Each structure stands twice: as C-alpha cells, then as structure tokens.
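Colleague: I would be grateful for a close look at a single part of this structure, together with its surroundings. Please set the account out in a connected form.

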Amino acid sequence: MGVSVLRHSTKKPGCNSEIMDYFIKNKVADGPHQVAVIGDRLFTDMLMANMMGSWGVWVNKGVVLSNSLICKIERKTYEHYKTILSAPIPKQFSK
C-alpha cells in the first residue's frame, strides 16, 4: 500500500501523545482534527483516538473471529453502548 509504519515506544492507547507529536513535528497535521485512527479494537485503537481528540474509525469486523476474553468484552461493550452513546467530535470542531 505504500504506507509508512509509525513505530512508537509505548503500547496503545498510551502512545497517543507520541503519535500526535510526530504528526505535528513532521507537519503532517496541524492538530488532532486532521488525524484519523483506523483500527479494529475498541479498547486500544478507538480509545487512543478519543484520547488524542482525533477521528476514530472502528472496523468492527476486524476481531469478530477471535474468541479471546478481551474481544468478547469489546463486543458486549459495543452492543451495550451503541444505542445510548454517540461518537465525540474531534477537538478542533467541538463547541
């Protein structure tokens, strides 16, 4: 695909400031409103996007075949909250 891999020293979601610093330092983005985190895990990828204040795109079919305990918890969490919560708007666009 020709996409660079951004290596980070801290595991997700704790690397959110390291990633945002990289984008700003290298003039890839001016702020979190210009960054989209795409991932298949609620408790790492989407939590990190929320912590960064950026867009989060959850690929909810990514871990559907896994029967690990954490994947089961993520699916149950999603099913519980999908009708009562809405996605937050990135920081630049918040009122």
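Modeller: In this predicted model, Ser-17 is partly exposed, because its relative accessible area of 43% lies between the limits of 20% for buried and 50% for exposed residues. Ser-17 belongs to helix H1, which covers residues 16–25. The C-alpha atom of Ser-17 is separated by 9.3 Å from that of Met-48, although the two residues are 31 apart along the chain.

Met-48 leads to the packing partner of H1, since Met-48 is one of the H2 residues in contact with that helix. Two packed helices are described by the angle between their axes and the distance between the axes. Here the axes of H1 and H2 (residues 42–52) come within 9 Å and cross at roughly 60°. H1 is therefore oblique to H2, and the crossing is right-handed. On the H1 side, the contact is formed by Asn-16, Ile-19 and Met-20; on the H2 side, by Met-48, Met-51 and Met-52. By class, five of the residues in this contact are nonpolar, one is polar and none is charged.

The strands complete the picture. Strand E1, residues 36–39, is joined to strand E2, residues 55–58, by four bridges, and the two run parallel. In this pairing, Ala-36 stands opposite Trp-55 of E2. In a regular strand the side chains alternate between the two faces of the sheet. For E1, the covered face holds Val-37 and Gly-39, while Ala-36 and Ile-38 make up the uncovered face.

How values were computed: Residues are numbered from 1 along each chain as its sequence is written. This is a predicted model: local features need pLDDT of at least 70, side-chain atom pairs count only at pLDDT 80 or more; totals for chains, interfaces and linings use all residues. Side-chain values use heavy atoms; hydrogens and water are left out. Axes are lines fitted to C-alpha atoms, for helices over the stretch in contact, and angles run from 0 to 180 degrees between N-to-C directions. Angles under 35 degrees count as roughly parallel, over 145 as roughly antiparallel, 65 to 115 as roughly perpendicular and the rest as oblique. A crossing is left-handed if the near helix is turned anticlockwise from the far one by less than a right angle, and right-handed if clockwise. Contact means heavy atoms within 4.5 Å. Ala, Val, Leu, Ile, Met, Phe, Trp, Tyr, Cys and Pro count as nonpolar, Asp, Glu, Lys and Arg as charged, and the others, Gly among them, as polar. Buried means under 20% relative accessible area, exposed over 50%, partly exposed in between (1.4 Å probe, protein chains only). Two strands pair if DSSP finds at least two bridges between them.
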